[in-house]
Amino acid sequence: MEEGDALAAGLARAVPGAVSVAGIAALDGAPMSAAGRIDALVAVARARCWLEAVQIAMLAGLQEQPLTCIPGHPDALGDFLETQEQVACALRISPDTAYGRLVEAQQLTSRFPASLGLLAEGRVQIMHLKALLEHTAALEDEVAARVEELVLLKLPTQTVGAARKAISRAVIKADPAGAEQRHTRAREDRRTTLQPHPEGMAWFGALLTAGDAALVDAAVTAHARTLDADGRTLPQRCADALVELVSGTATSSPTATIVVTVPYDTLIGTTEDPADLTGYGPLTPTQARALATRPGSVWRRLLTHPATGQVLKTDPTSYRPTAETTRHVIARDPHCRFPGCTRPSRRCDLDHVVPFNHANPQAGGPTTPDNLIPLCRRHHLTKHRAGWHIGYSSASGNVTWTAPTGHTYTDQPTPAA
């Protein structure tokens, strides 16, 4: 063990503050192993979170204690503008950016003190809090507090991307009627766009409802897979497939499939819990019911755990999973199970946690949902060739990865709905 390793390991575990910042300074130039440097990175990241929480408190305090007081001219707006300009000059940022930080600080301290406390402890990043602010901007304080309550426990264990989905789901759960109204208004903005791009290229896009966008993506991808590669990558074939489908020159019409997981009570209208569109995230109940009742929709029953939302149950002695098993795993795990990876599971390999026994399939490594997880090709290779090891708990759905340095990281399952 190198000289700085023990100090780095202690700092990575310590509650961040002035003492830990001083300890980090003592690491400068100290010899460390790769494992020690990972611990040092964690310590620095947590200390930065603490400093950001301190800065937020200072910015909020400035609004409570105006920088100027002109006798005989009480003016709250003038006080705020003066504070805004002083902050802009002091931090060498634009007045608009200073305004945004002041407002953000006020909202975090008044609306989300518990989440701000997690930031001060180095347990979440500032981007977690920004996601919370963004998704609750249109909500009343009481509803926003309910959203924070719903996500707070898991927030420290989630990547920012996973947190965004969890917060979005909580917003729908806490305010289903408001979520439907906001979606109805947002739907009015649907449109297509065409933007020039250098070298004779252009961007073509569309703002659509989540269900329609998923259907378009599935149709384009399905058609692209029927085209001869001819040296083209799948993204290139998808672009060509879009042109063929829109122009009417497509020679095939493969079935496009999207997966929406809806609680049964929501489906029949007795509750208003959110649903989940695979590859996108939470949907309002009305959106989910509309997709479920579209012509050609196929309903398949999936049993989920009432507390975790995990898909439960489903063949075992063949190496390749059955269609039912594949559907089960994709519904349970919408993306690659490497921490932070968002590659959709329909584009991943289904990897055996306990290796399949080709010589004696009955002896172990069954091809069942409890022994399969989706891994994108990159992280599949990471597991088999780069010295990483995984552990999977079918009870909790957690996948624990152990890096070559010995550090462990846990990826928690995404609730089905």
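**Exercise 1. Backbone outliers**

Classify R92 as buried or exposed, then examine its phi.

*Solution.* Step 1: R92 has a relative accessible area of 78%. The cut-off for exposed is over 50%, so R92 is exposed. Keep in mind that this is a predicted model.

Step 2: place the residue. R92 sits in the loop between α4 and α5.

Step 3: read the backbone. The phi of R92 is near 55°, which is positive, and the residue is not glycine. Most residues other than glycine have a negative phi.

Step 4: repeat for D230. Its phi is about 50°, again positive in a non-glycine residue. D230 belongs to the loop between α11 (210-224) and α12 (234-247). With a relative accessible area of 67%, D230 is exposed.

**Exercise 2. An aromatic cluster**

Work out which parts of the chain the pair F338 and W388 ties together.

*Solution.* Step 1: start from the count. The structure holds 4 aromatic pairs.

Step 2: take the geometry. F338 and W388 lie 5.4 Å apart, centre to centre, with 65° between the planes. Over 60 degrees counts as edge-to-face, so this pair is edge-to-face.

Step 3: locate both rings. F338 is in the loop between α15 (323-332) and β6 (349-352), and W388 is in the loop between α16 (377-385) and β8 (389-392). The pair therefore ties together parts that are 50 residues apart in sequence.

Step 4: check burial. The relative accessible area of F338 is 14%, so F338 is buried. W388, at 19%, also counts as buried.

Step 5: follow F338 to another partner. F338 and W401 form an edge-to-face pair, 4.8 Å centre to centre, with 70° between the planes. W401 lies in strand β9 (residues 399-402), 63 residues from F338. Both F338 and W401 are buried.

Step 6: assemble the group. One aromatic cluster contains F338, W388, W401 and Y409.

**Exercise 3. Nonpolar cores**

Identify which residues of the largest nonpolar core touch the most other members, and which helices supply the core.

*Solution.* Step 1: name the hubs. The core has 30 residues, of which I56, L119, L129, V147 and I167 touch the most other members.

Step 2: list the suppliers. At least two residues come from each of α3 (34-64), α4 (76-91), α5 (95-111), α6 (113-120), α7 (126-136), α8 (141-151) and α9 (160-174).

Step 3: inspect one hub. Leaving out residues up to four places away in sequence, L119 touches C49, W50, E52, A53, I56, V124, Q125, I126 and L129.

Step 4: look beyond this core. A second, separate core has 14 residues, including C341, C348, L375 and A403.

Technical notes: Residues are numbered from 1 along each chain as its sequence is written. This is a predicted model: local features need pLDDT of at least 70, side-chain atom pairs count only at pLDDT 80 or more; totals for chains, interfaces and linings use all residues. Side-chain values use heavy atoms; hydrogens and water are left out. Rings of Phe, Tyr and Trp (its six-membered ring) pair if their centres lie within 6.5 Å; planes under 30 degrees apart count as stacked, over 60 as edge-to-face and the rest as tilted. Helices (H or I, at least four residues) and strands (E, at least two) are DSSP runs, numbered from the N terminus. Buried means under 20% relative accessible area, exposed over 50%, partly exposed in between (1.4 Å probe, protein chains only). A nonpolar core is a set of buried Ala, Val, Leu, Ile, Met, Phe, Trp, Tyr and Cys residues joined through side-chain atoms within 4.5 Å. Contact means heavy atoms within 4.5 Å.
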